Amino acid sequence: MGGMGGFMNLAPEKVARVRVGTMCLEHGKEDPNPHIKYEIRPIAEFTEMPEVAELCRMIANDEIPQNVAQAAAWHLMDGLTWEQLAAKDRVRMSNGYAEKWFSYQELVFAQRAVMVASERAKATEAETTSSTGDAYRQ
């Protein structure tokens, strides 16, 4: 990550190209296009699910691969079951060959990532609650 927290300081109104690990949070939408200008926004503007915010942290910190994060995100955000994700084809050829979106190992890892994200979200909520004094009510 380069020693400086993994990011850079950019002056307001300046433009830079930055590669970031991302995942789609809305199953069925078109794939992103590198020719379109995107705007970075806080995750809270899109979802109130703390588990999804944790997944974003996990992919940003290189704790999980992109495909694992993608499977976990579609499971949490769009309610796709692990069976639906396992059956999802990325490419289907005319000869019947189908390339799957996710391998068995990626789906196992994604299930674990969802559990870890949920545990971290609960721990963060508990820390926030105790630091705001809610734990000291009588």
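**Exercise 1.** Which residues form a nonpolar patch on the surface, and how much accessible area do they have together?

*Solution.* The model is predicted: local features need pLDDT of at least 70, side-chain atom pairs count only at pLDDT 80 or more, and totals for chains, interfaces and linings use all residues. Residues are numbered from 1 along each chain as its sequence is written, and side-chain values use heavy atoms, without hydrogens or water.

Step 1. A patch takes residues with over 30% relative accessible area and no salt bridge, joining nonpolar side chains (Val, Leu, Ile, Met, Phe, Trp, Tyr) within 5 Å and like charges within 9 Å. A salt bridge is a side-chain nitrogen of Lys or Arg within 4 Å of a carboxyl oxygen of Asp or Glu. Areas are Shrake-Rupley values with a 1.4 Å probe, and for residues only the protein chains shown count as cover.

Step 2. The patch consists of V91, M93 and Y97, with about 280 Å² together.

Step 3. M93 lies in the loop between β1 and β2 (98-100). Its relative accessibility is 42%, so M93 is partly exposed (buried is under 20%, exposed over 50%, partly exposed in between; 1.4 Å probe, protein chains only).

**Exercise 2.** Compare the span of helix α2 with the expected value.

*Solution.* Step 1. Helices (H or I, at least four residues) and strands (E, at least two) are DSSP runs, numbered from the N terminus. The expected span is 1.5 Å times one less than the number of residues.

Step 2. For the 13 residues of α2 (residues 66-78) this gives 18 Å; the end C-alpha atoms are 17 Å apart, which agrees.

Step 3. After α2 comes G79, with a positive phi near 70 degrees.
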